[in-house]
Amino acid sequence: MEKLKSEILNIIQSNTSKEKTLQDICEYLKKSVSHYDWVGFYFKNGSKNELKLAQFAGKLTEHTIIPFGKGICGQVAVSNETFLVSDVSEQANYISCGVEVKSELVVPIFKNNENIGQIDIDSHSVNAFNNEDVKLLEFICNEVTVIL
Ligand code: SME
């Protein structure tokens, strides 16, 4: 966990572009944590009440735009709270990105107290995430704001 955090800080402080930094974070997390099968950033799409997919690592998704309130991501956009889903099959308001996805963790990103986006992680295992994952992602969401 400490190694992951320090490597993420190195990436954030690497002084490349915002896009490359976010892409590097996605790829680093996906390759370093075996139960992270898809890692992506969604951000509020301008003044619209919808999320737009930014950088990600993992397979292509057709869900590049998600209206506020729809799916796990859209719910986090309005609740402002981390959403840990141990078993996606139990969620009625869920947008599937593939039958292989079994659990999901979405953590909001705040800048100047405003919910501007989120990190979304999918896993191919049921019950893949615990409080350590939540803490790691909340750490990243907090640190990454310096480049947003
Ligand atoms: N499952 C998400 C949609 C995004 S994909 O996981 C990449 C949701 O329900 O909002």
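# A tour from a buried serine to the ligand

Select Ser-103 to begin. Ser-103 is buried, at a relative accessible area of 0%. Keep in mind throughout that this is a predicted model. Ser-103 belongs to strand β5, which covers residues 103-111. Now add Val-85 to the selection. In sequence, Val-85 and Ser-103 are 18 residues apart. In space, their C-alpha atoms are 5.5 Å apart.

**The ligand**

Select the ligand next. The space that the ligand takes is the largest cavity. Three elements each give two or more residues to the shell around the ligand: β1 (38-44), α3 (71-79) and β6 (114-123). Colour these three separately. Which element gives the most to the shell? That is α3, with three residues.

Now show the shell as sticks. Start with Trp-38, Tyr-42, Ile-66, Gly-71, Ile-72 and Cys-73. Then add Tyr-94, Ile-95, Cys-97, Glu-104, Asp-120 and Asp-122 to complete the residues around the ligand. How do the residues of the shell divide into nonpolar, polar and charged? Eight are nonpolar, one is polar and three are charged.

Three polar contacts are worth a distance label.

- Ile-72: a polar backbone atom of this residue is 2.9 Å from an oxygen atom of the ligand.
- Ile-95: a polar backbone atom here lies 2.7 Å from a nitrogen atom of the ligand.
- Asp-122: here a polar side-chain atom is 2.9 Å from a ligand oxygen atom.

Switch to a surface view. On its own, the ligand has 300 Å² of accessible area, and the protein covers 100% of that.

**Asn-115**

Stay with β6 and select Asn-115, which is found in that strand. Is Asn-115 buried or exposed? Because buried means under 20% relative accessible area, Asn-115 counts as buried at 12%. Label two distances from its side chain. One runs from a polar side-chain atom of Asn-115 to the backbone oxygen of Ala-77, at 3.4 Å. The other goes to the backbone nitrogen of Gly-117, which the side chain of Asn-115 reaches at 3.5 Å.

**Two asparagines with positive phi**

Turn to the backbone angles. Most residues other than glycine have a negative phi. Two stops here go the other way.

Select Asn-15. Its phi is positive, about 65 degrees, although Asn-15 is not a glycine. Look for Asn-15 in the loop between α1 (2-12) and α2 (18-32). Asn-15 counts as exposed, at 74% relative accessibility.

Move on to Asn-80. Phi of Asn-80 is positive too, near 65 degrees. Where is Asn-80 found? Asn-80 is in the loop between α3 and β4 (83-85). With a relative accessible area of 38%, Asn-80 is partly exposed.

**Last stop: Phe-43**

Return to strand β1 and select Phe-43, which has its place there. Phe-43 counts as buried, at 16% relative accessibility. Add Val-146 and draw a line between the two C-alpha atoms. How many residues apart in sequence are Phe-43 and Val-146? They are 103 residues apart in sequence, and their C-alpha atoms are 15 Å apart in space.

Methods. Residues numbered from 1 in each chain as written. Predicted model: local features only at pLDDT ≥ 70, side-chain atom pairs only at ≥ 80, totals over all residues. Heavy atoms only, no water. Near = heavy atom within 4 Å. Polar contact = N/O pair within 3.5 Å; in protein donor to acceptor, adjacent residues only side chain to side chain. Areas by Shrake-Rupley, 256 points an atom, 1.4 Å probe, with all protein chains shown as cover. 1 Å grid on protein atoms, 1.4 Å probe; cavity = no way out; pocket = protein on both sides within 12 Å on 5 of 7 lines; lining within 4 Å. Sits in = over half its atoms within 2 Å of the grid points. Helix = DSSP H or I, 4+ residues; strand = E, 2+ residues; numbered from the N terminus. Nonpolar A, V, L, I, M, F, W, Y, C, P; charged D, E, K, R; others polar. Buried < 20%, exposed > 50% of the residue type's maximum accessible area, 1.4 Å probe, protein only.
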